[in-house]
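Work through the exercises below with the sequence and the model side by side. Try each task before you read its solution.

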Amino acid sequence: NKYQFETTFGFGTGYINFDSHNLADSPTKSNNEFFFGMKLHTPLMAKNGGAKFLLEYDGWGINIGASIPITDAWTINMGVTHFENIAKILSIKTTF
């Protein structure tokens, strides 16, 4: 058993999951009042604790993330919020 899989599911008001990182924005209520997440613990870099990959739906969109242990003291955590919009970013055309 070198892999471990976790899931979470829950319900809420939809207010606490809003974070635009802009204090001028006011929180708006999500139409979906549930969240769902999955985390996969892998044996990659096992001597440093193992790499972890995350996929979640928080009522607003799909988020992905990874936790890569470089050493036993250093871990790189990275993520992309609203991954469902990646096609919009990739379809940006530049004109000169």
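Contact means that heavy atoms lie within 4.5 Å. Keep that cut-off at hand for the first exercise. The model is predicted.

**Exercise 1. Take stock of the whole chain.**

Task: State how many helices and strands the chain has, and in what pattern they follow.

Solution.
- Step 1. Count the elements: the chain has 1 helix and 5 strands.
- Step 2. Read along the sequence: the pattern is β-β-β-β-β-α.
- Step 3. Turn to burial: 18% of the 96 residues count as buried.
- Step 4. Add the surface: the accessible area is about 7,700 Å², and carbon and sulfur atoms hold 62% of that.
- Step 5. Look at contacts between residues at least 6 apart in sequence: 33% of them join residues at least 24 apart.

**Exercise 2. Place β4 among its neighbours.**

Task: Find which strands pair with β4, and in what sense.

Solution.
- Step 1. Locate β4: this strand spans residues 62-69.
- Step 2. Go to β3, residues 52-57: β3 pairs with β4 in the antiparallel sense, over 6 bridges.
- Step 3. Check one position: E56 stands opposite N63 of β4.
- Step 4. Follow the link: β3 and β4 form a hairpin with 4 residues between them. In that turn, G59 has a positive phi of about 95°.
- Step 5. Go to β5, residues 75-80: β5 is also antiparallel to β4, with 6 bridges.
- Step 6. Check a position here too: the bridge partner of A66 is M78 in β5.
- Step 7. Follow this link: β4 and β5 form a hairpin with 5 residues between them.
- Step 8. Ask about cover: β4 is mostly covered, with 6 of its 8 residues buried.

**Exercise 3. Classify S67.**

Task: Decide whether S67 is buried or exposed, and list what S67 touches.

Solution.
- Step 1. Place the residue: S67 sits in β4.
- Step 2. Take the relative accessible area of S67, which is 17%.
- Step 3. Apply the cut-off: buried means under 20%, so S67 is buried.
- Step 4. Collect its contacts, leaving out residues up to four places away in sequence: S67 touches G50, A51, K52, T75, I76 and N77.
- Step 5. Pick out the polar one: the side chains of S67 and N77 are joined by a polar contact of 2.9 Å.

**Exercise 4. Compare three more residues.**

Task: Classify L40, I70 and A46 as buried, partly exposed or exposed.

Solution.
- Step 1. Recall the limits: exposed means over 50%, and partly exposed lies between that and the 20% limit for buried.
- Step 2. L40 lies in β2, residues 34-41. L40 has 31% relative accessibility, so it counts as partly exposed.
- Step 3. I70 is in the loop between β4 and β5. I70 has 42% relative accessibility, so it is partly exposed.
- Step 4. A46 is in the loop between β2 and β3. A46 reaches 52%, so it is exposed.
- Step 5. Look for a shared patch: L40 and I70 both belong to a nonpolar surface patch of about 1,100 Å². Its other members include Y3, F53 and W74.

**Exercise 5. Link distant parts of the sequence.**

Task: Find how far apart the C-alpha atoms of I70 and N48 are.

Solution.
- Step 1. Along the chain, I70 and N48 are 22 residues apart.
- Step 2. In space, their C-alpha atoms are separated by 7.0 Å.
- Step 3. Check for contact: I70 touches N48, and also T75 and I76.
- Step 4. Repeat for A46 and K2: they are 44 residues apart along the chain, with 9.1 Å between C-alpha atoms.

Note on methods. Residues numbered from 1 in each chain as written. Predicted model: local features only at pLDDT ≥ 70, side-chain atom pairs only at ≥ 80, totals over all residues. Heavy atoms only, no water. Helix = DSSP H or I, 4+ residues; strand = E, 2+ residues; numbered from the N terminus. Buried < 20%, exposed > 50% of the residue type's maximum accessible area, 1.4 Å probe, protein only. Polar contact = N/O pair within 3.5 Å; in protein donor to acceptor, adjacent residues only side chain to side chain. Patch = residues over 30% accessible without salt bridge, like charges linked within 9 Å, V, L, I, M, F, W, Y side chains within 5 Å. Areas by Shrake-Rupley, 256 points an atom, 1.4 Å probe, with all protein chains shown as cover. Salt bridge = Lys/Arg side-chain N within 4 Å of Asp/Glu carboxyl O. Pairing = 2+ DSSP bridges.
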